[in-house]
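Hi,

Here is the structure I promised to pass on. Have a look at it first, and then read my notes below.

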2 protein chains.
Amino acid sequence: MAVTIKDVARLAGVSQSSVCRALADPARVRPETRDRVQSAAKQLGYHPNRVARSLITGRTANLGVVLPDLANPFFPTVVKAIQTRARRFDYAVFLSDTDEDPAVEVPAIRALAMQVDGFLLCSPRAPDDDLRPFAREKPMVVLNRRITPLPSVTADSADGMRQAVAHLAALGHRTLAYVAGPRTSWSNRDRQRGLRAATTAHGIRLVEVGNVAPTVDGGAAAADLVLAATGVTAVLAYNDLVALGLLRRCHARGVRVPEQLSVVGFDDILIAGLLAPPLTTVAIGKERIGRVGVDLLLELMTDPDHRGTAKRVLPTQLIVRGSTGPAVS
Amino acid sequence: MAVTIKDVARLAGVSQSSVCRALADPARVRPETRDRVQSAAKQLGYHPNRVARSLITGRTANLGVVLPDLANPFFPTVVKAIQTRARRFDYAVFLSDTDEDPAVEVPAIRALAMQVDGFLLCSPRAPDDDLRPFAREKPMVVLNRRITPLPSVTADSADGMRQAVAHLAALGHRTLAYVAGPRTSWSNRDRQRGLRAATTAHGIRLVEVGNVAPTVDGGAAAADLVLAATGVTAVLAYNDLVALGLLRRCHARGVRVPEQLSVVGFDDILIAGLLAPPLTTVAIGKERIGRVGVDLLLELMTDPDHRGTAKRVLPTQLIVRGSTGPAVS
DNA sequence: TTGTACGCGTTATCAA
DNA sequence: TTGATAACGCGTACAA
């Protein structure tokens with residue numbers, strides 16, 4: 001059996017309340033008592049039961065993180081940042097991977113709802129209306145998506161796409177392809193929207209392919225579709241994994257990158273810079289997304305009135321590498 | 001305020017106990033009552049408070065996962081498998097990333113200890129004696145390490161190294177280098193041990209370099225040391241990230257792989273097969289490690305007496321790719 | 001079959 | 001400054 005506050009109280013010869021105070025608010029007890037309690041606690045190896053505490057205080061000191069796929073290198077980076085930030089404030093984090101299945105999200109949130117003080121929803125796939133109700137139960141911040149009126153942290157996809165298109169246009173490309181990610185992905189729609197605006201502004205033709213799974217295999221499958229489209233000299237992928245699949249399949253089919261086809265990814269995951277050719281991609285501050293997400297959530301939790309609808313949009317930056325080059329006619 | 005069992009009882013016109021029974025053990029209550037309770041529960045959107053429940057039952061339905069670095073692609077794969085397996089049995093999982101700092105592990109475990117039914121320690125870095133005490137408080141399974149007498153799941157590094165050395169020996173390599181990972185890593189020591197045995201058996205000379213951080217940067221730093229060593233024609237890295245760093249730095253220094261130097265990694269992370277040249281590496285069943293770990297832990301939890309000292313050793317397999325080739329003198 | 005009452009470990013309230 | 005007691009929400013032994 002674990003050692004409880006009672007044991008400490010008995011050993012120290014004081015009441016439970018004094019133990020509680022001596023440990024939580026040392027200033028409100030006589031120094032002598034404080035010392036007796038603290039040494040008794042140390043001697044017994046006493047640690048307050050956070051479960052019992054949360055029952056009365058209503059606080060759990062836990063955060064819930066829900067995301068679609070830990071196998072996508074984008075998410076571990078975000079999660080690590082979340083975890084690091086959360087630890088600073090003594091929060092523990094629950095992790096729930098929904099494996100890209102929108103139907104799993106609601107039950108996953110439901111299961112965690114009781115034992116967390118707030119949620120960080122990373123790229124959730126479920127419909128807005130399925131998610132919104134939970135926001136009334138627990139503070140909730142959305143990452144990589146906007147769900148009115150929840151606070152959110154997103155990347156400036158439009159600007160990223162603008163940079164990418166400007167880059168490709170400068171290289172002489174006149175027809176681009178976009179390989180779309182999951183239909184349920186908000187960032188896919190956001191990137192697609194931004195890309196359309198950018199191509200229109202440049203008077204560039206856009207061919208859209210997909211939707212495909214946001215994985216290497218999804219990209220490989222899309223490659224054949226892209227290569228079949230007429231006039232395409234450059235392709236922008238939903239994310240780096242898809243771009244990887246494109247590169248791989250192009251290589252297998254003898255299509256040289258960037259000589260015959262330029263490829264641009266999105267996210268700048270670790271692997272992107274290590275490939276041959278290294279991948280030109282739109283970088284997102286992944287760690288920052290996680291950190292800002294936690295900060296927003298903490299703010300929302302401590303300031304219940306402040307039904308803050310903060311919408312943070314973080315900058316993106318095109319990283320030009322070897323996978324893009326001049327267009328050939 | 002959340003809806004409690006009391007609200008349901010009031011609406012259904014029964015006592016709290018009846019609500020409890022109607023939901024937990026529908027057979028032990030009159031069908032009429034059961035229906036009233038269930039419809040009341042549904043109408044109010046009642047979900048039992050798992051925190052309060054765990055206080056009385058002693059069970060939390062949570063698992064704790066502690067690991068050194070989510071940024072190493074090896075771990076997300078394991079975690080995803082753990083998460084998936086845990087969900088099947090209605091367990092939620094806490095994730096704690098210690099950022100390769102042994103000193104953080106004990107506090108991290110301590111913080112979670114109250115609210116989990118068991119721990120999965122992935123490649124823990126702290127000394128055995130710091131970790132063992134917790135095993136008396138909560139069931140605990142160790143992955144990628146052995147801590148007597150705890151149950152563990154490890155990979156057969158010795159056999160993996162045997163395969164790798166046999167491969168390199170067959171290619172005519174007579175002097176190998178090993179780039180060692182963290183001193184605190186059990187798998188590093190395990191791999192190193194296996195490699196020593198294999199090289200001795202083949203009458204091959206082994207040069208040991210390191211220890212370095214288990215990252216791309218660590219590998220890059222090691223590259224210069226390896227290239228300075230005389231006679232080395234092939235190098236085995238602690239893991240794929242280190243191997244990546246080696247490849248990158250070799251490329252930067254104009255050393256061609258595999259023509260001038262063969263490189264072998266360990267883990268077979270996603271990126272390994274996508275590089276140019278693709279990385280020859282020793283593959284581990286990462287998903288299986290996670291899955292087996294959960295199964296072992298569940299077994300340990302349901303069978304408290306069975307202080308089972310199961311030590312599962314999973315097979316490894318050499319994947320030969322382009323980063324290894326014949327030795328040149 | 002159902003209801004009453006207690007206890008899990010902690011913090012909050014109030015009186016001493 | 002301290003101690004007794006209530007309360008958090010639930011499960012269960014026991015009584016009805």
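**What sits by the DNA**

Four helices, two from each protein chain, each supply at least two residues of the surface near DNA strand D: α2 (16-24) and α4 of chain A, plus α2 (16-24) and α4 (50-57) of chain B. Keep in mind that this is a predicted model. The largest share of that surface comes from α4(B), with 4 residues.

In total, 22 residues surround DNA strand D, and the closest are A:Ser17, A:Ser18, A:Thr33, B:Ile5 and B:Arg53. Sorted by class, the surface near the strand has 11 nonpolar, 8 polar and 3 charged residues.

Which part of the DNA faces the protein? Of the atoms of DNA strand D within 4 Å of the protein, 65% belong to sugar or phosphate, and the rest to bases. Three individual contacts are worth finding on screen:

- A:Ser17 has a polar side-chain atom 2.8 Å from a base nitrogen of DNA strand D.
- A:Thr33 has a polar side-chain atom 2.2 Å from a phosphate oxygen of DNA strand D.
- B:Ile5 uses a polar backbone atom, which is 2.5 Å from a phosphate oxygen of DNA strand D.

**Where the two chains meet**

Now for the protein-protein side. Chain A and chain B each put 43 residues into their contact. Between them they bury about 3700 Å², with 66% of it on carbon and sulfur atoms. On the chain A side, A:Lys80, A:Met114 and A:Leu274 lose the most area to chain B, and together they make up 18% of what that side buries.

A:Lys80 comes up again in a salt bridge: its side chain meets that of B:Asp99 at 2.8 Å, N to O. Across the interface there are 6 salt bridges, and 16 residue pairs are in polar contact.

As for which elements of chain A are involved, α4 (50-57), α5 (74-88), β2 (92-97), α6 (102-113) and α12 (240-252) each supply at least two residues of the side that touches chain B. β2(A) gives the most, with 6 residues. By class, that side of chain A has 26 nonpolar, 9 polar and 8 charged residues.

β2(A) also pairs across the interface: 3 bridges join it to strand β2 (residues 92-97) of chain B, and the two run antiparallel. To see one of these pairings, look at A:Leu95, whose bridge partner in β2(B) is B:Val93.

Note, too, that α4 of chain A appears on both lists: it supplies residues to the surface near DNA strand D and to the side of chain A that touches chain B.

Cheers

Definitions and conventions:
Residues numbered from 1 in each chain as written. Chains lettered and ligands numbered in written order. Predicted model: local features only at pLDDT ≥ 70, side-chain atom pairs only at ≥ 80, totals over all residues. Heavy atoms only, no water. Contact = heavy atoms within 4.5 Å. Buried area = accessible area lost by both parts, 1.4 Å probe. Salt bridge = Lys/Arg side-chain N within 4 Å of Asp/Glu carboxyl O. Polar contact = N/O pair within 3.5 Å; in protein donor to acceptor, adjacent residues only side chain to side chain. Nonpolar A, V, L, I, M, F, W, Y, C, P; charged D, E, K, R; others polar. Pairing = 2+ DSSP bridges. Near = heavy atom within 4 Å.
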